[in-house]
Structure formats: C-alpha cells, structure tokens
Amino acid sequence: MATGRGETRTSTVENTKMSNGQPRNYTNGHKNGHTNGYKNGTNGKTNGKSEKGGRWQDDFEEYFEETPYHIAILTYLGYALMVFIGHVRDFLRYYGIEQDKSCTESNQEGFSPLLVSWESFYTRNMYRHARDCWNRPICSAPGSTFDVMERVSHDHNWNLEMTGKTLKVMNFGSYNYLGFAENKELCGRDVQRVTEKYGVGTCASRQELGYLDIHRELDSLVADFLGTEAAITVPMGFATNSMNMPALVSKGCLILSDELNHASLILGSRLTGALIRVYKHNDMKDLEHKLRDAVCEGQPRTHRPWKKILIVVEGVYSMEGSLARLPEIVSLKKKYKAYLYLDEAHSVGAMGPHGRGVVDHFGLDPHDVDIMMGTFTKSFGACGGYIAGSKRLIRHLRANSHSAIYSCSMSPPVTQQIISTMSCIMGRTNPQEGRRRIQQLKWNTRYFRKGLHERGFIIYGNKDSPVVPLLIYMPSKIALFSRECLKRGLGTVVAGFPATPIIEARARFCLSASHNKEMLDKALDIVEEVGELLQIKYSRQPVPRWTSEALEPSPE
C-alpha cells in the first residue's frame with residue numbers, strides 16, 4: 001500500500017485456483033465491461049494482474065464479479081412483469097374500473113406534453129411501490145447513528161404519513177467519511193464564534209461584497225493542503241463542476257469522459273459546447289484509442305486540430321466504488337498533450353495516507369493534474385467545493401466562472417467548519433486526530449469489505465474505497481432489503497434502474513471513521529441475516545487475501 005510518495009508494499013494476492021479448477025486470473029468477458037472475478041489489470045474491469053506490472057499495481061485490487069446468468073434472466077423477467085402489470089392497471093384506471101390516484105397532466109390543445117410519458121408510467125407503477133425507501137426524513141445530525149422519522153402508508157405508497165415516532169439506526173448511508181459531520185466539540189466552538197462575528201450569510205457574490213477574509217484564508221488553506229499553487233472555493237458542490245467547466249473549454253475542444261462520471265460532470269461538459277466522447281470505465285486501451293484518433297483526425301469535417309483535449313475522471317466512483325487508474329491516465333495525458341480534470345468529491349479526505357485523495361493514494365505529483373476538483377460535502381462535513389491548480393488557472397476562474405460571478409459566496413459558518421476540519425486533517429490542530437481518523441476509515445473499509453466477501457455477497461469496487469456496493473439485482477428485493485435493514489437498525493441506500501444498469505441493482509454502504517468495530521460487526525450480522533432471508537448471496541469467487549497489515553486490530 002502506498003504509505004508515502006512513491007513508497008509501496010507488495011500485495012499478498014496469490015494466483016491460486018478457483019473452486020472450478022480455473023486459475024484466479026481467468027477472464028470471462030461481459031458485454032457491459034464487467035468480468036467475472038478480480039480486477040487488477042490495465043484495461044477496465046478485468047480479472048487478474050497487469051502483465052506490465054508496476055509498483056502501484058501490486059496493491060490495486062478491484063472486484064467486479066459477473067452477474068449470474070439465471071439471476072440476470074429473472075431480473076429481466078421481473079421488470080417485464082412489472083411493466084405488463086402497470087399497463088394493465090393503467091387500462092383499468094382509464095376506464096374507471098380502478099381508482100386513479102395519480103396526478104395526471106391535463107391535455108391542452110396546441111401544447112406538447114410537459115412530462116415524458118415513460119417517466120410518468122415508471123413513477124406511477126414501479127417506483128411508487130418502493131417509494132418509502134427513499135426521501136426518508138432525518139431528525140438528527142448524520143453521525144455514526146441517526147434518527148429516522150417513521151412513516152406509514154395506508155394506500156400502497158400513494159401517500160406517506162408520519163407516525164410521530166423515530167427510529168435510531170446505524171448510519172451506513174451518509175458520506176460522513178471522517179466523522180466530522182457529528183455535532184461534537186471538535187469544530188463546534190470555532191463555528192459558533194464565526195457565526196457570532198459574521199452571521200450566517202454573505203448576501204453577495206465573490207466579485208461584489210461577499211469575499212471575506214475567512215474565504216481568502218480557506219482558499220489559501222486548500223491550496224496548501226493539496227500542494228497546488230492556488231485554489232478557488234464554490235458554495236455548492238454540484239455547481240463546482242457544472243458552473244466552472246464552461247469557463248475552461250468551449251466549442252472546438254474535445255472532452256473525453258469516463259462513462260460512469262457523475263451527473264454534475266455530464267451537465268458541465270454539455271454546457272461547454274465542446275464535443276464529448278465517452279470511453280469505457282477505467283479502460284485505458286479505449287481511452288488511448290480515442291486520444292490517438294483525436295490527435296490524428298482532428299475535428300469532424302474540417303480536421304483542424306482540437307483547441308484543447310480534456311480528460312474528465314473521478315477519483316472514487318460513487319456508485320461503483322472503483323478508483324480511477326490515475327497513474328496510467330496521467331501518463332496518457334502527457335503522451336498526447338491533453339489536459340486532465342480530476343473530480344475528487346468522494347476521495348479527498350477519504351483516500352491517501354494524508355487524506356489528500358487519489359493523487360496522494362498513488363503517490364503522484366499534484367502538478368501532474370491540471371485541474372483538481374473536490375467537494376467539502378463528504379469528508380469535511382460541510383458543503384461547497386473547490387478547484388485547485390496553477391495560479392493562472394485560478395485567476396482565470398475568478399474572472400470568468402459563473403459560480404464566482406452570479407452565486408453568493410460560501411456561508412461563514414460553513415467556511416469555518418471546512419477550515420477547522422482541514423486543519424485537523426493536516427495536523428495543525430489536534431495533531432494525531434486527523435491521522436487517526438484516516439487510519440480508522442481505511443481499517444473500517446477493508447474490514448467491512450472482507451466481511452461481506454466472506455459472507456458470500458457480490459461486492460463491487462476497490463478494496464480501499466469507502467463506497468461499498470452490494471449487488472441485489474432483482475427489483476422486488478431492492479425495497480425488501482432496505483426495509484428489513486431499517487427494521488433491524490441499519491440505515492443504508494439502495495439503488496436500481498434507471499440509476500444503475502437494469503441487472504445491477506444494489507445497496508450502497510458508505511463507511512465512516514466514526515464507526516467502531518462493534519458497529520461494523522453488528523451491521524455485518526444484519527446484512528447476513530437479511531441476505532439469508534432474501535437469498536442474495538450470489539458470489540462464487542474465493543475470499544480475497546489481503547496483507548495481514550490491512551487487518552490489524554482497529555486503531556481504536
């Protein structure tokens with residue numbers, strides 16, 4: 001594992017044989033890019049070690065087990081049955097045989113429909129049955145545990161009513177990676193002091209009267225933390241991508257985007273006016289192929305050279321739990337003279353020995369990444385985001401970014417929350433606390449992931465990613481998994497089509513440094529009990545063998 005700049009230890013992953021007699025590095029291609037078993041190769045989701053090798057590859061382990069064929073068939077049949085029944089019920093509602101409780105759009109002559117018919121159909125007949133699994137109201141801080149307000153429905157989820165009761169459950173759904181979102185004394189006094197001094201709002205943009213000395217302090221601290229020349233902060237994480245990307249590329253430029261990039265990156269890319277080409281997730285051969293074609297062929301029709309080529313990736317992918325193969329991406333962007341935009345929303349604070357994200361995790365030079373983006377909504381327990389890079393880049397964004405011109409600057413209490421947590425991670429306040437939380441999160445991540453592997457579940461992602469997807473597949477089991485876990489005191493997130501591919505519905509666990517070993521064991525027991533109840537233990541792969549150091553006793 002990378003313990004410092006360029007320093008690695010050899011992984012103990014062995015090329016043993018599976019239960020079916022095939023070697024562990026046997027690959028079984030799948031049309032959606034997933035392969036059966038382990039991913040530790042150079043091209044996307046593959047099974048086995050890279051032939052080229054390399055120090056960082058020795059400990060780069062990701063798991064994407066192929067969907068069992070019979071489960072895929074049953075999942076498709078389940079969705080087909082739901083669609084068929086939905087059409088039958090719509091037919092009955094149309095003729096008044098069944099009461100229509102949905103809000104339908106009135107037909108206005110000369111107007112096109114405001115709502116898309118398929119989305120309305122899906123919401124009315126499919127999503128509604130599991131609607132109670134989302135938008136659950138919370139009435140406490142999102143710490144290691146939280147209070148969920150209980151809701152019931154007496155008309156099959158057409159309407160949900162509050163009972164007045166609350167359920168105290170373990171929080172395995174929030175992005176509180178380092179535990180700073182809890183209302184503890186660590187940052188509370190500083191935030192209270194700043195609130196009394198500045199108030200809670202600035203009521204102006206950075207370019208008017210909203211740029212305070214505390215914002216300048218945060219900008220400098222972010223640049224110092226990441227090891228870049230300068231940084232600019234934005235009051236909204238989503239807008240950090242969507243409102244800043246149009247200031248960086250425009251018509252005549254090319255964006256090469258990973259197929260699993262976040263919606264904010266997709267929206268920001270579309271707003272630029274640049275041509276967008278999507279490459280397969282973490283597939284370096286596909287990325288290089290598109291880079292080579294872009295350099296050789298140039299723009300469509302005219303074949304003029306592209307003004308800029310921008311590679312857009314995430315550090316940790318929030319639905320897959322995988323890491324960007326950053327060393328190879330950096331190598332390719334240098335080879336083809338492209339620019340690199342790195343979104344570290346889920347990785348800054350949560351990855352790397354110093355909590356600086358995947359750049360720190362791989363021991364790379366921050367200057368090799370042209371645009372470093374991240375958010376404060378996860379590991380820092382606040383809101384907003386940042387873009388860091390060269391002084392020239394940041395000067396350009398301060399003058400041209402929509403987020404700097406049109407939106408109010410960040411709230412002073414939120415700004416102080418980020419300053420306090422970042423100072424803690426850097427060791428400037430409570431010298432050992434930040435490092436302890438980073439180590440605790442890494443230990444929790446590997447312990448929980450290995451526990452799920454041992455219990456026979458199909459788990460996606462990198463072994464060091466605090467985002468842990470557990471594959472459920474069938475639509476009927478998505479809602480049941482969420483309800484049964486909540487009933488037993490475990491709060492987590494479930495996702496299905498269209499948020500995921502149709503045969504890759506999943507539950508997503510988010511680990512936190514605030515979780516202790518007792519909570520992890522209890523959560524594993526609950527998941528195992530629910531897994532037995534729903535019969536979702538589909539994995540046929542051997543349990544991964546990680547280094548003994550990775551599973552030392554908990555730092556607590």
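This passage describes the sheets, selected residues, cavities and pockets of a predicted model.

In this predicted model, local features require pLDDT of at least 70 and side-chain atom pairs count only at pLDDT 80 or more, whereas totals for chains, interfaces and linings use all residues. Residues are numbered from 1 along each chain as its sequence is written, and side-chain values use heavy atoms, with hydrogens and water left out.

Secondary structure elements are DSSP runs numbered from the N terminus, with helices (H or I) of at least four residues and strands (E) of at least two; two strands are paired if DSSP finds at least two bridges between them. Seven strands make up an open sheet of mixed pairing, in the order β5-β11-β10-β9-β8-β6-β7. Its edges are formed by β5 (230-234) and β7 (275-279), each of which pairs on one side only. Neighbouring strands of this sheet are turned by 20° against each other on average, direction ignored; axes are lines fitted to C-alpha atoms, for helices over the stretch in contact, and angles run from 0 to 180 degrees between N-to-C directions. Within the sheet, β9 (residues 339-343) and β10 (residues 371-375) are parallel and share three bridges. Leucine 342 has methionine 372 of β10 as its bridge partner. Helix α4 (residues 213-226) packs on the sheet through β5 and β11 (385-389), its direction making about 125° with that of β5; contact denotes heavy atoms within 4.5 Å.

A further open sheet contains three strands in the order β3-β4-β14, again with mixed pairing. Here the edge strands are β3 (145-152) and β14 (490-491), each pairing on one side only. Seven bridges connect β3 with the antiparallel strand β4 (residues 161-171), and aspartate 147 is matched by lysine 168 in β4. Helix α15 (residues 517-534) lies across β3, β4 and β14 and runs at about 115° to β4. In the segment after α15 lies arginine 540, whose C-alpha is 8.8 Å from that of phenylalanine 457, although the two are 83 residues apart in sequence. Arginine 540 counts as exposed because its relative accessibility is 63%, the class limits being under 20% relative accessible area for buried, over 50% for exposed and partly exposed in between (1.4 Å probe, protein chains only).

Lysine 333, by contrast, is buried, since its relative accessible area is 8%. This lysine belongs to helix α8 (residues 326-335). Not counting residues up to four places away in sequence, lysine 333 touches Ile311, Ala338, Leu340, Asp368 and Asp370.

Internal and open spaces were located on a 1 Å grid over the protein atoms alone: a cavity is a set of points where a 1.4 Å probe fits but cannot get out, a pocket is an open set with protein on both sides within 12 Å along at least five of seven lines, and lining residues have an atom within 4 Å of a point. Grid points are joined across faces, edges and corners, and a volume is the space filled by probe spheres set on the points. The largest pocket holds about 880 Å³. Its lining comprises 27 residues, with Cys103, Thr104, Glu105, Ser120 and Arg124 nearest the centre. Helix α2 gives the most to this lining, with five residues. Two cavities of 30 Å³ or more are present, and the second largest encloses about 30 Å³. Among the residues lining the second largest cavity are Gly143, Asn171, Cys510 and His515.
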